[in-house]
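Me: I am new to reading protein models, and I would like a close look at a single part of this one. Could you take me slowly through one residue and its surroundings, and then show me where that part sits within the whole?

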Amino acid sequence: MIGNIIRIKLVLLLTLFLLAACGPTTARQFEKAYNAGQLSAGQVLELVEENTMLLVSFEEESYFYFHPSGRVYGIDIHDNKDIGKWDVSEGDELCMKMESWWFGYLKCFSVYSNDKKYALTDNSGVIAFNAQHFAGDLKNQYYEPKSEKKSYRRSARKRDDSREPENEAAKTNEQPVREQVYSAPVSDAELKATVKWMAKDCPGCNLANTNLRKADLVGAKLQGANLSGANLSMADMRRADLRNANLEGADLTFANMPGADLRNCNLRNANLKGANLIRADLTGADLQGARVEDALLEGTAGLQ
């Protein structure tokens with residue numbers, strides 16, 4: 001009997017010890033326990049860019065290196081690796097989308113800190129990860145993905161520069177880039193890459209029916225552009241400025257558009273199936289006939 005009582009007491013003491021070791025489970029508890037506060041977007045960017053964060057939860061323990069290109073490299077304690085993309089939202093969140101981990105879903109976290117301890121919370125305020133910060137690429141995770149051609153456009157430009165000028169405009173470098181009209185998808189790989197590059201800063205351009213599938217259009221300036229019938233499926237259009245743009249009949253399936261400015265857009269008959277429109281602004285947009293099933297609409301403005 002005495003032995004059983006002693007064992008019960010030991011179990012209770014161990015349980016209390018483990019509970020105490022778990023620490024805070026919500027952002028509010030973390031703030032109170034460690035005199036911490038939520039980091040702003042600028043502070044989050046300064047914290048992670050070109051640095052490594054060790055994220056620890058009950059289910060995983062992984063190192064993430066945040067490269068300035070927007071790529072994030074992950075490696076866990078079992079040496080499993082993954083690569084993805086990262087960004088800091090206007091809502092002060094650290095967002096990551098890995099190719100395989102987390103089933104490829106976009107994950108966004110608010111970051112809390114007292115300059116020594118760090119916690120990442122989900123949108124309900126519950127701590128998803130406790131974190132440690134390390135300067136630089138702690139685990140030497142960086143590599144250039146084989147699928148990306150780092151110097152692709154640079155080499156094409158060098159080849160163009162080596163040619164003899166064919167007209168007076170070429171001699172004076174007065175090439176009316178933004179006056180060119182691309183009315184249909186092209187087959188030449190170099191021209192496709194050039195169109196995607198131009199679309200990052202092309203307000204008022206005629207890009208109707210162009211193939212911009214999976215294009216990197218983060219923060220693109222496309223206000224007033226004609227993108228009717230364009231293929232923008234799976235394009236990364238975070239915070240893109242598309243005010244007054246014509247997107248009638250455009251394919252925007254699974255496009256990543258959190259924080260995009262779509263005010264007064266023509267989105268008639270556009271396909272937005274599965275698109276990420278979290279905190280996008282659709283005020284005044286014409287959505288007649290548009291498909292929005294399975295789209296992420298949390299915090300989207302302008303929807304009735």
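Reply: What follows begins with one serine, Ser113, and then moves outward to the rest of the protein.

The model is predicted, and local features are described where pLDDT is at least 70, side-chain atom pairs count only at pLDDT 80 or more, and totals for chains, interfaces and linings use all residues. Residues are numbered from 1 along each chain as its sequence is written, and side-chain values use heavy atoms, with hydrogens and water left out.

Ser113 lies in strand E7, which covers residues 106–113; helices (H or I, at least four residues) and strands (E, at least two) are DSSP runs, numbered from the N terminus. Ser113 counts as buried because its relative accessibility is 8%, where buried means under 20% relative accessible area, exposed over 50%, and partly exposed in between, with a 1.4 Å probe and protein chains only. The side chain of Ser113 reaches the backbone nitrogen of Asp115 at 2.8 Å. If its neighbours within four places in sequence are left aside, Ser113 is in contact (heavy atoms within 4.5 Å) with Phe30, Ala36, Gly37, Leu39 and Tyr118.

For a contrast in exposure, consider Asp92, which is placed in the loop between strand E5 (81–88) and strand E6 (93–98). Asp92 counts as partly exposed because its relative accessibility is 24%, and its phi is near 70°, a positive value in a residue other than glycine. Asn244, placed in the segment after helix H6 (189–198), also has a positive phi, of about 60°, although it is not a glycine.

Now for the interior. A nonpolar core is a set of buried Ala, Val, Leu, Ile, Met, Phe, Trp, Tyr and Cys residues joined through side-chain atoms within 4.5 Å, and the largest one here has 35 residues, with Leu227, Leu252 and Leu262 among those that have the most contacts inside it. A second, separate core has 22 residues, including Leu55, Leu94, Phe109 and Phe129.

Around these parts stands a protein with 6 helices and 9 strands, in which buried residues make up 37% of the 304 residues. Among contacts between residues at least 6 apart in sequence, 28% join residues at least 24 apart. The protein exposes about 17900 Å², of which carbon and sulfur atoms supply 50%, the areas coming from the Shrake-Rupley method with a 1.4 Å probe.

Conventions: Polar contact = N/O pair within 3.5 Å; in protein donor to acceptor, adjacent residues only side chain to side chain.
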